[in-house]
Amino acid sequence: MWCDDLKIALVSGDLDKFEVLVANPPKDLNANELTEAMQLIKQAQVLCQEKMNFLNLEFEKIKKARKFNTEMV
């Protein structure tokens, strides 16, 4: 059930929910569930990196637009 909730949070892109779930894992996870959770966490890391890259690009666009606007004044 917990791993399913992790999957749903990851697929829906709800990293806040994913973080809460990872911070509060059940104590009775078996080896397969732990392995699955580790894989899901790795996928979440990739998703976070992709979002950070996207945000960095958007931030650079905003900086360029602001610079352009101040030069035009």
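What radius of gyration does the protein have, and what would a compact globule of 73 residues have? The protein comes out at 18 Å, while a compact globule of 73 residues would sit near 11 Å. Here the radius of gyration is taken over C-alpha atoms, and the globule rule is 2.2 Å times the number of residues to the power 0.38. Along the principal axes, the C-alpha atoms fill a box of roughly 65 × 15 × 15 Å.

A word on the ground rules. This is a predicted model, in which local features need pLDDT of at least 70 and side-chain atom pairs count only at pLDDT 80 or more, while totals for chains, interfaces and linings use all residues. Residues are numbered from 1 along each chain as its sequence is written, and side-chain values use heavy atoms, with hydrogens and water left out.

On to the overall layout. The protein has three helices and zero strands, so reading from the N terminus gives α-α-α, with helices (H or I, at least four residues) and strands (E, at least two) taken as DSSP runs and numbered from the N terminus. About 6100 Å² of the protein is exposed, and carbon and sulfur atoms supply 60% of that area; accessible areas come from the Shrake-Rupley method with a 1.4 Å probe, and for residues only the protein chains shown count as cover. Of the 73 residues, 16% count as buried, where buried means under 20% relative accessible area, exposed over 50%, and partly exposed in between (1.4 Å probe, protein chains only). Among contacts (heavy atoms within 4.5 Å) between residues at least 6 apart in sequence, 58% join residues at least 24 apart.

Next comes the interior. The largest nonpolar core has 11 residues, namely W2, C3, L6, A9, L10, F18, L21, L29, A37, L40 and A44. Such a core is a set of buried Ala, Val, Leu, Ile, Met, Phe, Trp, Tyr and Cys residues joined through side-chain atoms within 4.5 Å. At least two residues of this core come from each of α1 (2–12), α2 (15–23) and α3 (31–72), and α1 gives the largest share, five residues. One of the core members, A37, touches W2, C3 and L6, leaving aside residues up to four places away in sequence.

Helix α1 shows how its share is arranged. W2, C3, L6, A9 and L10 are buried in α1. They cover an arc of only 120 degrees around the axis, which puts them on the same side of α1; the arc is that of the directions from the helix axis to the C-beta atoms. The face of α1 turned away from this buried side carries the exposed residues I8, V11 and S12. Cover for the buried residues of α1 includes α2 and α3. After α1 comes G13, with a positive phi near 75 degrees.

Helix α2 can be described in a similar way. Its buried residues are L15, F18 and L21. These cover an arc of only 120 degrees around the axis, which puts them on the same side of α2. On the other side of α2, D16, E19, V20 and A23 are exposed. What covers the buried residues of α2 includes α1 and α3.

Then there are the cysteines. A search of the whole structure turns up zero disulfides (a disulfide being a pair of cysteine sulfur atoms within 2.5 Å). C3 is in no disulfide, and the nearest cysteine sulfur, that of C48, is 18 Å away. C3 is buried, with a relative accessible area of 6%, whereas C48 counts as partly exposed at 32% relative accessibility.

A couple of residues in α3 round things off. F59 has its place in helix α3 and is partly exposed, with a relative accessible area of 48%. From C-alpha to C-alpha, F59 and L6 are 30 Å apart in space, and they are 53 residues apart in sequence. R66 also lies in helix α3, and at 61% relative accessibility R66 counts as exposed. R66 and M52 are separated by 14 residues in sequence and by 21 Å in space, C-alpha to C-alpha.
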